[in-house]
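Please look over the structure below before reading on. The exchange that follows asks how its descriptive terms are earned.

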Amino acid sequence: EFMTQPEFSLELIDAAHRLGISVAGETCGLAQPAVFASLVDKLDLVLMDVKHYDPGRHQEVTHARMPVILANAAYLANSRTAHVFRIPVIPGINDSVEDAEGFADLLDEYGIGEIELVPFHQYGKGKYADLDRDYDFEDASSLSEDDLAPFRDALERAGVTTRISG
């Protein structure tokens, strides 16, 4: 998360821009609003994950409170910086049709009409092993585009344009 080191990130962004290199950043949005804005305003593209629509469930699964994340999402949605909001769809966490409907309400509230769905995969499993940490999704299956169809359909019925990341 580049926003945890804002001074270094700003220096790196500026150095890349001086060399004519475009810079994208990927974030969960958990940063002080002033820090978030200072970085977003310098980037060429921001990818921001929206992990849950329910504040209680969000805190339970991420251990982070939503208000600052939502404030930063609103800032990004109204900024001039190109951006993509994404939902990492995770089995048992946020993958039901009811979850999609909850996301649709949240996205509508913040004026976000387009979302990229990121299907769950097992790519991070090795990272957890390397860090000697428990991996809660050991037995979860990766999700395919077909698996996401009901979720995607619910979002689109609510007027949210979707695409699925490859």
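Q: What do buried and exposed stand for here?
A: A residue is called buried when its relative accessible area is under 20%, exposed when that area is over 50%, and partly exposed in between. The model is a predicted one.

Q: Which residues of α1 are buried, and what makes them lie on the same side of the helix?
A: The buried residues in α1 are Pro6, Ser9, Ile13 and Ala16. They lie on the same side of α1 because the arc they cover around the axis is only 90 degrees. On the other side of α1 there are exposed residues, namely Glu7, Glu11 and Arg18, while the buried residues pack against α2, which runs over 33-40.

Q: How do you know that Ser9 is buried, and what does Ser9 touch?
A: Ser9, which lies in helix α1, has a relative accessibility of 7%, and the limit for buried is under 20%, so Ser9 counts as buried. Not counting residues up to four places away in sequence, Ser9 touches Phe2 and Leu39. A polar atom of the Ser9 side chain lies 2.7 Å from the backbone oxygen of Phe2, a value that falls within the 3.5 Å allowed for a polar contact.

Q: Why is α1 called roughly parallel to α2?
A: The axes of α1 and α2 come within 10 Å and cross at roughly 10 degrees. That makes α1 roughly parallel to α2, because angles under 35 degrees count as roughly parallel. Where the helices meet, Pro6, Ser9, Leu10 and Ile13 are the residues from α1, and Val35, Ser38 and Leu39 are those from α2.

Q: How do you know that the length of α1 agrees with its number of residues, and what follows this helix?
A: Helix α1, residues 6-18, has 13 residues and reaches 18 Å from its first C-alpha to its last, which is close to the 18 Å expected at 1.5 Å a residue. After α1 comes Gly20, with a positive phi near 80 degrees.

Q: What should helix α5 span, and what covers its buried residues?
A: The 13 residues of helix α5, residues 97-109, should span 18 Å at 1.5 Å a residue, and because its end C-alpha atoms are 19 Å apart, the two values agree. Its buried residues are Asp99, Ala100, Gly102, Phe103, Ala104, Leu106 and Leu107, and what covers them includes α4 (66-77), β3, β4 (114-119) and α7 (149-157). Just after α5, Gly111 takes a positive phi of about 70 degrees.

Q: Why is His83 called partly exposed, when other residues are called buried or exposed?
A: His83 has a relative accessibility of 27%, which is neither under 20% nor over 50%, so His83 counts as partly exposed. This residue has its place in strand β3, residues 82-89. The side chain of His83 reaches two backbone oxygens, that of Thr81 at 2.8 Å and that of Leu76 at 3.4 Å. Apart from residues up to four places away in sequence, His83 touches Leu45, Val46, Leu76 and Ala77; the C-alpha atoms of His83 and Leu45, although 38 residues apart along the chain, are separated by 5.3 Å.

Q: What makes Thr162 a buried residue, and which side chains does it join in polar contacts?
A: Thr162, found in strand β5, residues 161-164, has a relative accessible area of 7%; because buried means under 20%, Thr162 is buried. Its side chain joins that of Arg152 in a polar contact of 2.8 Å and that of Glu156 in a polar contact of 2.5 Å. With neighbours within four places in sequence left aside, Thr162 is in contact with Ile115, Arg152, Leu155 and Glu156.

Q: What sign does phi take at His63 and at Asp132, and why is each residue called exposed?
A: Most residues other than glycine have a negative phi. His63 is not a glycine, yet its phi is positive, at about 65 degrees, and Asp132, also not a glycine, has a positive phi of about 55 degrees. His63 has its place in the loop between α3 (55-62) and α4, and because exposed means over 50%, its relative accessible area of 70% makes His63 exposed. Asp132 is found in the loop between α6 (125-130) and α7, and at 73% relative accessibility Asp132 counts as exposed.

Conventions
Residues numbered from 1 in each chain as written. Heavy atoms only, no water. Helix = DSSP H or I, 4+ residues; strand = E, 2+ residues; numbered from the N terminus. Expected span 1.5 Å × (residues − 1). Buried < 20%, exposed > 50% of the residue type's maximum accessible area, 1.4 Å probe, protein only. Arc of directions from axis to C-beta. Contact = heavy atoms within 4.5 Å. Polar contact = N/O pair within 3.5 Å; in protein donor to acceptor, adjacent residues only side chain to side chain. Axes fitted to C-alpha atoms, helices over the stretch in contact; angles between N-to-C directions. Parallel < 35°, antiparallel > 145°, perpendicular 65-115°, else oblique.
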